[in-house]
Amino acid sequence: MSHLTSRRGLLFGTAAVSAGALLAGCTSNDTEDESSAAGDTRPAADDKPGKHVTIGFAGPQADHGWLNAINDNAQKRAKKYADVSLELTEGSNDTAQQIGQIETLINKKVDVLVVLPADGKALTQVGLKAMRAGIPVVNLDRIFNTPQAYRCWIGGDNYGMGLSAGHYIGEKLKGKSGARVIELAGLDNLELTKQRTQGFDDALKNYPNVRKVARQAAEFTVESGQAKMAQLLQAQPKFDALWNHDDDQGVGALRAIEQAGRDDFLMVGGAGALSAFQAIKQDNGVLKATVLYPPTMAASAIDLARALGQGKGVGGLAEFEIPSSITLYSAVVDKDNVDQYMPTGFR
Amino acid sequence: MAPEPPLLSMSGITKSFPGVRALDGVDLDVQAGEVHCLLGQNGAGKSTLIKVLAGAHQPDDGVIRWRGEPVTLRSPIAAMRLGIATIYQELDLVEHLSVAENVHLGHEPTTTGFVVRGRAAKEATGRLLRRLGHPEIDPGRLVGELSAAQQQIVSMARALSHDVRLIVMDEPSAALDPDEVDNLFRIVGDLTADGVAVVYISHRLEEIRRIGDRVTVLKDGRAVAGGLPAKSTPTREVVALMTGRTVEYVFPERPAPPPGDRGTPVLQVRGLARDGEFEPLDLEVRAGEIVGLAGLVGSGRSEILETVYGARRPTAGQVLVDGRPLRPGSVRAAVRAGLGLAPEERKAQALLMLESVTRNVSVSSLSRFARAGWIDRGAERAAARAATRELSLRPDDPAVPVRTLSGGNQQKAVLARWLLRGCRVLLLDEPTRGVDVGARAELYAVVRRLADEGLAVLLVSSEVPEVLGLADRVLVLREGRVVHTAPAPALDEHRVLDLVMEGSPAS
Amino acid sequence: MTQHASPPRDSADTLAPAGRTPAWRGLWARADVRTLSLLGVLAALVVIGGVTKPDEFLDTRNLQLVLTQASVIGVVTVGMTFVITSGGIDLSVGAIVALASVWATTVATQEYGFGGILFTAVLVGLGCGLVNGLLIAYGGMVPFIATLAMLASARGLALQITDGRTQIVTVDGVLSLGERDSYVLGVPPLVLVFALVTILGWLVLNRTTFGRRTVAVGGNAEAARLAGIDVRRQRLYLYLLSGLCCGIAAFLLIVLSGSGQNTNGNLYELDAIAAAIIGGTLLSGGRGTITGSVLGVLIFTTITNIFALNNLQSDVQQIAKGAIIVAAVLVQRRTASTT
């Protein structure tokens, strides 16, 4: 576990540094600001007011806790800079509508664009258009088809999530022969679900004593989480660990576990919801850890956009420019480090 | 006839549906250029036979020859390719398409087989309509905007748009006025002169006499007579073949003192009018009296009945039952006050075709059998049975689905509904439409008996002999206006026809 | 028994003259056959489940699980069956369930405890049903469009209330209702509610004037109107009924999942319509069967259960589900037409 946390420190630091680099003294830990920006407050680079930057932000409709947290993080981060003004569009899941919104932002001649596309592939063209118009694009999480469509991509690591979850569970079950593991996946239509499963399977290969015995896909909703988990529990009278892809559906999964009266296994969640953090901290149920897919990336995206607008690099790194791609580390949050992450938990 | 084989020859045609043998070895020969009439009661197998001929049903057995060659009519398209066109009684036109589009539906004139040549279609349609004597129908108009008679012409134009050798017409005159019927006969004459054969189905024997060459009579899925001479076979013989009876219309006796003189007025209509449909109307119907409204299609007959019933909102005037005015435009108020309507379109407006006779009869009196909404089904069944027995509805089993009944018995089910409801005023709109000749007399007797028991009856019919034979008093309508009122015995058919055509009581 | 009429065939002309063939005798037989064929499908599924996973499938807990999972959509389907029988359609059921479930689980509502949550869920369901009913019955809107509009706005309102967040229920009385301790003689309270709604629905549809009028309106609205039935009021009541069922279902879902979420009730409208149609309710109206609808729901839930127990993945599940829908309908039509 220790090597994991240290890796986390190293890699997550990349984003944290880039974020913190630009805002010395920014305190995101104010009490009323629980779901806000990057928890890490280490000052790393200059946050001195610089050239004014207008950032256009376009995201999908916040119909899910995580996406809601993305919007919150972006807004709150932008508010902290006197030299940043944020042009926020109404979130939309409709590709055509989002293209229209981004084109409006291009016409308004914002300095930098931050785009979390409803569908990365479908919005590639409009990303290209912005870049050609001289507006650098920070592509958030759902990646465009071609690197030409963005100046910088920052996002989570779905494969890495599976990897982290697999390693965590593998370590926990070390020495137990014939250990059985089950997986409650997310919406199977999405590529990210396949990536998470792939990472999980690859990690488990390192532990020959552990075998994945079942996998069912829910739909990122509480209702589906409860339904699928109830079936999994009935199908598997005995298992040792469960990885659930998403903390939102995890609410339902935990409910099903409670209803079935089961507590003979350990559960690892995914994403980093506040309710999951709280359960981990209380440590009186099956949920022992969750793997991050941090919505703080939106705050970092604002930092990157500001740096781009002001022509600066990332503090703490040798280069003069910001990187073209930043993959966030999927850290494992358990009882030992949950306090540190509590402020980043989303509802 | 020439030694060449008949245009169409069907022999031994058999067709069964689950539980029913609809056709049982029917033979039918049709020569080019003749009008071959098909007669039979409802359920005799006429519809099934023409559906076989149209390729819509596949026979279980039998042979169809076309110009002597055995053919299989696998689909309506196959029949159409041979030159067989069918004009169904229920018109199968698309209301939201134009006349030209309907006429060419499925075989639109195209360039490169894809792009519809709209103008060519319109011109071709225009030519057909002129040939049919209806140049006033605009090929560009929507079919839904046309009258029923005009729609029939469109249907015919569609049949003629193919290279047609045989046209089947299923009760084509049912929706037509007398002058429209004359036009229809002229068209039929033109067609046969061109060598086209016509299979003509009608209930009206006088039509068959006028245009028919030969008659085939169907009864219970068998051809009981084939190729009788249409002009010379006595009516008695034809009716006897169809029904086993020798009478056609028998009207019940009127009660000795005319009920109009002694009864109390149950229904009073005062100045009732609907703009564009009928002018202010006054009438009274007394208990025990049958009042008839005679008039052509478009004279406002059905509209008057539906307005009295509250199904249409009047623009002026009021309806009173037992002296109390009804809330205008409310069917529920009318039903509560004791009105009952047997509408013209029984299947579309009165019957729940998926349901049993019992449920069709009880639907207007449900609360009578219910306590707190809970239906006492025993009481419901008993009451429905009593009501249908009183009207001698056949079969004597109210559990059968209403759609299996003949037209006359379906009408009785509607009457039983109002009998059960205890209605005071019965509004009858074309009560014998689609009812066999044989069953009509029985229905007339039922209506008269209901009147004798104290009901007030308002009757609308396009068949003048029916109004004259059944009603006590007759109001003659022309273009939404009452042009004459008289006791029925004082009128005859010619007089009434003069009135509805001329509008003045000519002598 | 539910009342079935045989499917409409040809015009009366092709049928025997009245009294010649006892065609109606086949009616009851056919009704039996239709229900029996559904039971047959269900039995086949039980055999498949029992063979593939004997220990896990043939287990009291699994029976409790399947019935519990069927309860929420089952209650919705009972309401939907009424609406479809009347010739209408309610596309907003899933959205109403979502809205009712989030409205009933806001922090403010939860302060009023068990009663507050139940009351709010039912009231929101009725309110949405009232709007649907008024628009359709008195506003002259087509049910498809009116309920589609309700679908959009109820989902939107649910999103607005939650902000996309999951609302956790903290009221113990509600939560405990979904747990084993409150099972009554081994029957989960949710299943009891489902059973109660089913029985009431069956009685209302088959034994009351309300049910009779529903069938009449669906079979022939014009005939019903001319027979003196207040068709508009009947329609209003029907959408209110559907809304009420959605409210009850929302409460059951809150109990089951211990939360309210704006994504709740996703695609319930399609599941409910599919279950009703498979059950034998005519999409064109005029014939409805609660027994069939409930069997349809149970078939779907059992399929999902068997798939999950056998660890089949969603792609296989979806393909098989589609195939089973087609097969069930074909089997039904075949059995109904050969007898």
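**Architecture of chain B and the membrane-annotated chain C**

Buried residues account for 50% of the 507 residues in chain B. The structure described here is a predicted model. Chain B contains 18 helices and 24 strands. Its radius of gyration, 24 Å, is close to the 23 Å given by the globule rule for 507 residues, so chain B is as compact as a globular protein of that length. Along the principal axes, the C-alpha atoms of chain B occupy a box of roughly 70 × 50 × 45 Å. Among the contacts in chain B with a separation of 6 or more, 67% join residues 24 or more positions apart.

The domain assignment divides chain B into domain 1 (1-83 + 163-248), domain 2 (96-162), domain 3 (263-338 + 423-506) and domain 4 (355-422). A distance of 36 Å separates the C-alpha centres of domain 1 and domain 4 of chain B.

For chain C, an unreviewed UniProt entry places the feature "transmembrane region" at residues 33-51, 91-108, 114-135, 182-205, 236-256 and 290-309. Residues 91-108 of chain C are 72% helix and 0% strand, with end C-alpha atoms 29 Å apart. In residues 182-205 of chain C, helix makes up 71% and strand 0%, and the end C-alpha atoms lie 31 Å apart.

Chain C also meets chain A, with 31 residues of chain C in contact with 32 residues of chain A. On the side of chain C that touches chain A, at least two residues each come from α3 (60-85), α12 (231-257), α14 (290-309) and α15 (314-338) of chain C. The most is given by α3(C), with four residues. By class, this side of chain C comprises seven nonpolar, 17 polar and seven charged residues.

Terms used:
Residues numbered from 1 in each chain as written. Chains lettered and ligands numbered in written order. Predicted model: local features only at pLDDT ≥ 70, side-chain atom pairs only at ≥ 80, totals over all residues. UniProt positions renumbered as here; feature names shortened; annotations may be inferred. Contact = placed C-beta atoms within 7 Å. Nonpolar A, V, L, I, M, F, W, Y, C, P; charged D, E, K, R; others polar. Domains from an automatic or database assignment. Rg over C-alpha atoms; globule rule 2.2 N^0.38 Å. Buried ≥ 20, exposed ≤ 12 C-beta atoms within 10 Å, placed from the backbone.
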